Amino acid sequence: MIKIETSDRLNNLPPYLFKEIDRQKGEVRKKGMDIIDLGVGDPDLPTPPHIIDALKKAVEDSTNHRYPSYSGMDDFNAAVAGWYKRRFGVDLDVGKEVVTLIGSKEGIAHIPLAFINPGDTALITSPGYPVPSIGVGFAGGKIYFMDLLKENHFLPDLEAIPDDVARRAKMMFINYPNNPTSAVATEAFFKKVVSFAKSNNILVCHDAAYTELAFDGYKPISFLQIKGAKGVGIEFHSLSKTYNMTGWRLGFAVGHKAVIQALGRIKSNIDSGAFQAIQVAGIAAMESDQSCLKELNQTYARRRDVLADGLMDLGLKFDKPKATFYFWIEVPKGYTSAEFTSHLLLKTGVVVTPGNGFGQAGEGYVRMTFTLGMERLKEAVERIRSVGF
Ligand SMILES: *Cc1c(COP(=O)(O)O)cnc(C)c1O
C-alpha cells in the first residue's frame with residue numbers, strides 16, 4: 001500500500017458545511033420519518049417530450065457517435081446565437097463568440113485556469129454558488145468577497161470595494177437572477193458593472209442560468225444587452241433549469257472573443273466536448289416552440305404562491321421571488337442558520353439549506369426551493385405550523 005497524500009488544492013478546499021445536515025438527515029431517516037427535501041436546486045419535472053424525441057433520433061445516427069468538435073457543433077452554436085438574438089436582441093459571432101459546455105458548472109470551474117495566476121485576485125459574491133470560488137482556489141487565486149446584503153437588494157456594492165483590491169482584481173463573478181438569494185439585476189446595476197470593469201480592467205463572468213425561470217410577466221435581462229458588456233466579459237448559460245435538463249449536461253458561454261477562445265483552449269486540453277446527440281436535442285430545445293417554458297413557469301409560480309403564502313402566514317420573512325425557484329428566508333430571532341435548519345429537519349423532516357453554506361454573508365438566512373409538487377409544499381407548511389419555531 002502506498003501512502004496517499006492529496007494535494008494542497010484538495011486539502012485547502014473550504015470545509016463542507018452540509019456534513020452536519022447530512023448526518024441529521026440520516027438520523028431522521030433512520031427514525032422512519034418522511035423527509036420533504038426543499039434543499040436541492042434540481043427541477044423535479046421531466047424534460048419535455050419533444051426534446052427527448054430529438055435525442056432518441058440523434059442517438060441512432062452513427063455520425064454522432066464520434067468525438068465531437070471541441071468548441072461545440074456549428075449547428076448548436078448557431079442555435080445558441082439565434083436564441084440570444086430572439087430572446088435578448090444580442091448579436092453573436094457563431095464561430096468566435098460561442099463555446100459549448102458540458103453544463104455551465106464545467107465552464108465556470110474551468111475559466112479561472114485561463115486567467116488566474118497564483119496570487120491573482122477574483123471578486124466573488126457572498127453568499128454565492130460555490131463553483132467560482134472553488135475554481136479560483138484550484139487555480140491558486142485569492143478571493144475578495146463582495147457581500148450581498150438585503151439593504152442593497154442583494155446586489156454587490158461596487159463602491160465598497162477598496163481601490164487597491166479593485167485595481168489588482170482580474171476577474172469578477174456575478175449571477176442574476178441569483179442563487180441563493182433569488183435577487184434580480186437591474187439594467188442600472190449591470191451598467192455600473194461594465195464601467196467598473198472598464199476602469200479597473202476586470203474580466204466579468206456573468207452566470208445567467210436562471211434568466212428563463214421568471215414569473216408575473218417579468219423578463220430578466222442578459223448582461224450582454226448592456227452597451228460595452230461584450231468588451232469586458234462573458235455570460236454563462238445552461239439548458240439545465242430552462243428545460244429541466246440538469247442530468248443531460250449541456251450549457252454554453254458567450255461574449256468576448258478572446259475570453260471564449262481562451263476557455264475553449266483550456267477545455268480542448270481537458271475534455272472532448274458534449275455528446276453530439278445531446279447537442280442535437282439542445283438545438284431542438286432552443287429552436288422549437290417555447291410553450292413548454294411558459295407552462296413550466298406557470299407551474300413554478302403557482303407553487304411559489306402557495307408556499308410563500310403559507311410561510312409568510314407563519315411569520316417567516318422573505319421577498320417573494322420574481323425569478324429562480326428559491327426563497328431566501330431570514331431565520332427567526334434566536335436561531336443561527338444552522339440551528340434553524342436543524343430545528344426544521346429534526347422536528348418536521350423538512351430540509352432547507354443553511355445560508356452560511358453559501359458564504360459567511362449568508363448567515364442569518366436559509367434557502368428553500370419549490371422544486372416539489374403542490375401537495376408536498378402544503379404538507380411542509382402544515383408540519384412547520386404544527387411545530388412552530
Ligand atoms: C443550477 C445552476 C447552474 C447550472 O449548472 P449546470 O452545470 O449548467 O447544470 C449554474 N449556476 C447556478 C448559480 C446554478 O444554480
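Which residue places a polar side-chain atom 2.6 Å from an oxygen atom of the ligand? In this predicted model, Y210 is one residue that does so, through a polar atom of its side chain, and S240 likewise has a polar side-chain atom that lies 2.6 Å from an oxygen atom of the ligand. D207 addresses another kind of ligand atom, since an N or O atom in the D207 side chain is 2.5 Å from a nitrogen of the ligand. Taken on its own, the ligand has 390 Å² of accessible area, and the protein covers 94% of that area.

Around these contacts, the surroundings of the ligand can be described residue by residue and by class. The ligand is surrounded by 13 residues, of which D207, S238, S240, K241 and R249 come nearest. Sorted by class, this shell is made up of six polar, four charged and three nonpolar residues. The space that the ligand takes up is the largest pocket.

At the level of the whole chain, the domain assignment divides the protein into domain 1, which is given as 8-46 + 292-387, and domain 2, which is given as 49-287. The C-alpha centres of domain 1 and domain 2 are 26 Å apart, and across the boundary 31 residues of domain 1 are in contact with 30 residues of domain 2.

Notes: Residues numbered from 1 in each chain as written. Predicted model: local features only at pLDDT ≥ 70, side-chain atom pairs only at ≥ 80, totals over all residues. Heavy atoms only, no water. Near = heavy atom within 4 Å. Polar contact = N/O pair within 3.5 Å; in protein donor to acceptor, adjacent residues only side chain to side chain. Areas by Shrake-Rupley, 256 points an atom, 1.4 Å probe, with all protein chains shown as cover. 1 Å grid on protein atoms, 1.4 Å probe; cavity = no way out; pocket = protein on both sides within 12 Å on 5 of 7 lines; lining within 4 Å. Sits in = over half its atoms within 2 Å of the grid points. Nonpolar A, V, L, I, M, F, W, Y, C, P; charged D, E, K, R; others polar. Domains from an automatic or database assignment. Contact = heavy atoms within 4.5 Å.
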